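Visitor: I should like a close look at one residue in this chain, with its surroundings described step by step. Please begin with how open the residue is to its environment, and then work outwards.

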Amino acid sequence: MSIIGLSCIFPTLDIKQTETFYVTKLGFQSVEYLECKEPHICLYKDKIEIILLQASKEVIPNRELYGYGYDAYLYTDKQIELEKELSEKGVKMIKSLNITDYQNREFVIEDIDGRWIAFGLKEK
């Protein structure tokens, strides 16, 4: 048996607004399943999938619930180019590209729902 993938699950109060942010600002493609028993939208970019769920109550980011932590960590070896692209599109930057004390090169953005999403990779 092997595990071959992972999808982030992001509940949101305004599923269409969140979808628009990920498509226009982060370059994801979307597939809507809004007529299903459990309405959701799948977002795809490269090998990443994020699933948006329609939340029935307020969504609280990990850092607010637990005192620290990102809501997703996406791996890329193109941090410089991606940070520049997202910044030019007006995405809110939380942390600029740096090397962390756990030896990852990363930067962090905030999405439209207040989630902090890191883009990084282990330094060699």
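**Leucine 97 and its surroundings**

Guide: Leucine 97 counts as partly exposed because its relative accessibility is 24%; here buried means under 20% relative accessible area, exposed over 50%, and partly exposed in between, with a 1.4 Å probe and protein chains only. The model is predicted, so local features need pLDDT of at least 70 and side-chain atom pairs count only at pLDDT 80 or more, while totals for chains, interfaces and linings use all residues. Residues are numbered from 1 along each chain as its sequence is written, and side-chain values use heavy atoms, with hydrogens and water left out.

Leucine 97 belongs to strand E6, which covers residues 92–99. Helices (H or I, at least four residues) and strands (E, at least two) are DSSP runs numbered from the N terminus. Beyond four places along the sequence, leucine 97 touches Gln79, Ile80, Glu83, Arg105, Glu106 and Phe107, a contact being heavy atoms within 4.5 Å. Serine 87 is separated from leucine 97 by 10 residues in sequence and by 12 Å in space, C-alpha to C-alpha.

Helix H3, residues 79–88, lies across E6, E7 and E8 and runs at about 165° to E6. For such angles, axes are lines fitted to C-alpha atoms, for helices over the stretch in contact, and the values run from 0 to 180 degrees between N-to-C directions.

The sheet that holds E6 comes next. It is an open sheet of 4 strands in the order E5-E8-E7-E6, with mixed pairing; two strands pair if DSSP finds at least two bridges between them. Strand E5 (72–75) and E6 stand at the edges with a single partner strand each, so one side of each is left without a neighbour in the sheet. From one strand to the next, the twist averages 20°. Within this sheet, E7 and E8 pair in the antiparallel sense over 7 bridges, and valine 108 stands opposite alanine 118 in E8.

The loop between E6 and E7 contains glutamine 103. The phi of glutamine 103 is near 65°, a positive value in a residue other than glycine. Glutamine 103 is partly exposed because its relative accessible area is 43%.

Further out there is another open sheet, in which 4 strands follow the order E1-E4-E3-E2, again with mixed pairing. Here E1 and E2 stand at the edges, each with a single partner strand, so one side of each lacks a neighbour in the sheet. The twist in this sheet averages 20° from one strand to the next.

E1 and E4 pair in the parallel sense over 6 bridges. In E4, glutamine 54 is the bridge partner of threonine 12, and isoleucine 51 is that of isoleucine 9. In a regular strand the side chains alternate between the two faces of the sheet. E1 has a covered face made up of Cys8, Phe10 and Thr12, and an uncovered face made up of Ser7, Ile9 and Pro11.

E2 and E3 pair in the antiparallel sense over 5 bridges, with valine 31 opposite cysteine 42 in E3. A hairpin of 6 residues joins E2 to E3. In the loop between E3 and E4 sits aspartate 46, which has a positive phi of about 50° although it is not a glycine. Aspartate 46 counts as exposed because its relative accessibility is 78%.

Helix H1 has contacts in both sheets. Its residues run from 15 to 24, and the buried ones are Ile15, Thr18, Glu19, Phe21 and Tyr22. Seen down the axis of H1, these buried residues fall within an arc of 160°, so they line one face of the helix; the arc is that of the directions from the helix axis to the C-beta atoms. The buried residues of H1 pack against strands E1 (7–12), E2 (29–33), E3 (40–45), E4 (48–54), E7 (104–110) and E8 (116–122).

To return to the starting point, leucine 97 is a partly exposed residue in strand E6, and E6 is an edge strand with a single partner strand.
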